[in-house]
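Trainee: Mind if I quiz you on how the labels for this model get decided? I'd like the reasoning, value against cut-off.

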Amino acid sequence: MEPIIILHFLQSILLQGDLLGIQSGPLGSADPIVKGMIPAMFGITGIAILLNLFNAVVRKKLVDQQKLQRIMRETKAWQKERMAAFRSKDVEKQAELNKKSSYMSSFNQEMMQMNMRPMMITFVPLILVFYFVLPPLFSYTVAVSPISLNVIPYHFFEATCTADKIDGKICNNVNDVYFWAWYFLASITFSGIVMKLTKTSMDLS
C-alpha cells in the first residue's frame, strides 16, 4: 500500500462525524441543495479531483521530489536485497545488510516527514470544506454499494449503512454509501492519476 493511500485513510477517519463538537452525527443534509444520487456522485467526485489537485500543488511546492524518489529507490533496493539474503539463508549478507538498518530507518523517517508536511497544510482546508461547505450540499448517503464496505471491525470505519442503521432519514437501504466515504473512494481512485499528471507520483516504475 502506497504511503499516500495511508494518508488519505488517516484523513478520512476524521470525516466520519463528530469532530471537537463541530458536527454531531453523520455528515450530510436531510434536504440537500444537490438533489439526486447521480448529480451527488459526480459532484463529490469533482470535489475529490479538485482537492487532489490542491494537494498535488502543495506537495510539489513543499517536497523535493527528486530526493524523495532517491530515498524510496534506495530503501526499496535495500529491502529487496535483504529479503533475498533471508531466502537464500546467506548469514554473512544478512549481517552486512543489518548494519544499515539504523541508516535505512532514518531514511524511512525522513520519507514519512516529507509526506506528512503537505498533509499538515492541506488538512485544515479539507476539514473546513467537509464540515462547513459540503454538508448542506449533499445528502447523508449518495450511492449504493452491492456489498458492505465496512471491512474494519468494531464499527471503526463505517463506509456503508448497516441494517440496524436504516431509519428512512439518514439510511434508506443496506449498503447505502455515506457521502464522505464516496469522497474517500473517489479520492483514492483519482489520486494516482492526478499525481502522475502533476509529476508528484510516488510510483517508482
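Mentor: Sure. Let's settle one term up front: contact means heavy atoms within 4.5 Å. And keep in mind that this is a predicted model.

Trainee: With that cut-off, which residues does Leu97 touch, leaving out those up to four places away in sequence?

Mentor: Trp78, Glu81, Arg82 and Ala85. Take Glu81: it sits 16 residues from Leu97 along the chain, and their C-alpha atoms are 8.1 Å apart. Leu97 itself is part of helix α4.

Trainee: What makes Leu97 count as buried?

Mentor: Buried means under 20% relative accessible area. Leu97 comes in at 4%, so it counts as buried. Across the protein, 39% of the 205 residues are buried.

Trainee: Why is α3 called roughly antiparallel to α4?

Mentor: Helix α3 covers residues 65-88 and helix α4 covers residues 91-98; they pack at about 150°, with axes 8 Å apart. Angles over 145 degrees count as roughly antiparallel, so that is the label α3 gets relative to α4. The crossing of α3 past α4 is left-handed.

Trainee: Which residues make that contact?

Mentor: From α3, Trp78, Glu81, Arg82, Ala85 and Phe86; from α4, Lys93, Gln94, Leu97 and Asn98. They split into four nonpolar, two polar and three charged.

Trainee: What makes α5 oblique to α6?

Mentor: Helix α5 (residues 101-137) and helix α6 (residues 179-197) cross at roughly 135°, and their axes come within 12 Å. Roughly antiparallel needs an angle over 145 degrees, and roughly perpendicular runs from 65 to 115. The α5 and α6 angle fits neither, so α5 is oblique to α6. Here the crossing is right-handed.

Trainee: How do you know what kind of residues divide up the contact of α5 with α6?

Mentor: Go through the list: Leu126, Phe130, Leu134 and Pro135 on α5, then Phe179, Trp180 and Tyr183 on α6. Leu, Phe, Pro, Trp and Tyr count as nonpolar, and the tally is seven nonpolar, no polar and no charged.

Trainee: And the overall picture: how many helices and strands are there?

Mentor: Six helices and two strands, in the order α-α-α-α-α-β-β-α along the sequence. Of the contacts with a separation of 6 or more, 77% link residues 24 or more positions apart.

Trainee: What supplies the exposed surface?

Mentor: The protein exposes about 11,900 Å², and 65% of that comes from carbon and sulfur atoms.

Methods. Residues are numbered from 1 along each chain as its sequence is written. This is a predicted model: local features need pLDDT of at least 70, side-chain atom pairs count only at pLDDT 80 or more; totals for chains, interfaces and linings use all residues. Side-chain values use heavy atoms; hydrogens and water are left out. Axes are lines fitted to C-alpha atoms, for helices over the stretch in contact, and angles run from 0 to 180 degrees between N-to-C directions. Helices (H or I, at least four residues) and strands (E, at least two) are DSSP runs, numbered from the N terminus. Angles under 35 degrees count as roughly parallel, over 145 as roughly antiparallel, 65 to 115 as roughly perpendicular and the rest as oblique. A crossing is left-handed if the near helix is turned anticlockwise from the far one by less than a right angle, and right-handed if clockwise. Buried means under 20% relative accessible area, exposed over 50%, partly exposed in between (1.4 Å probe, protein chains only). Accessible areas come from the Shrake-Rupley method with a 1.4 Å probe; for residues, only the protein chains shown count as cover.
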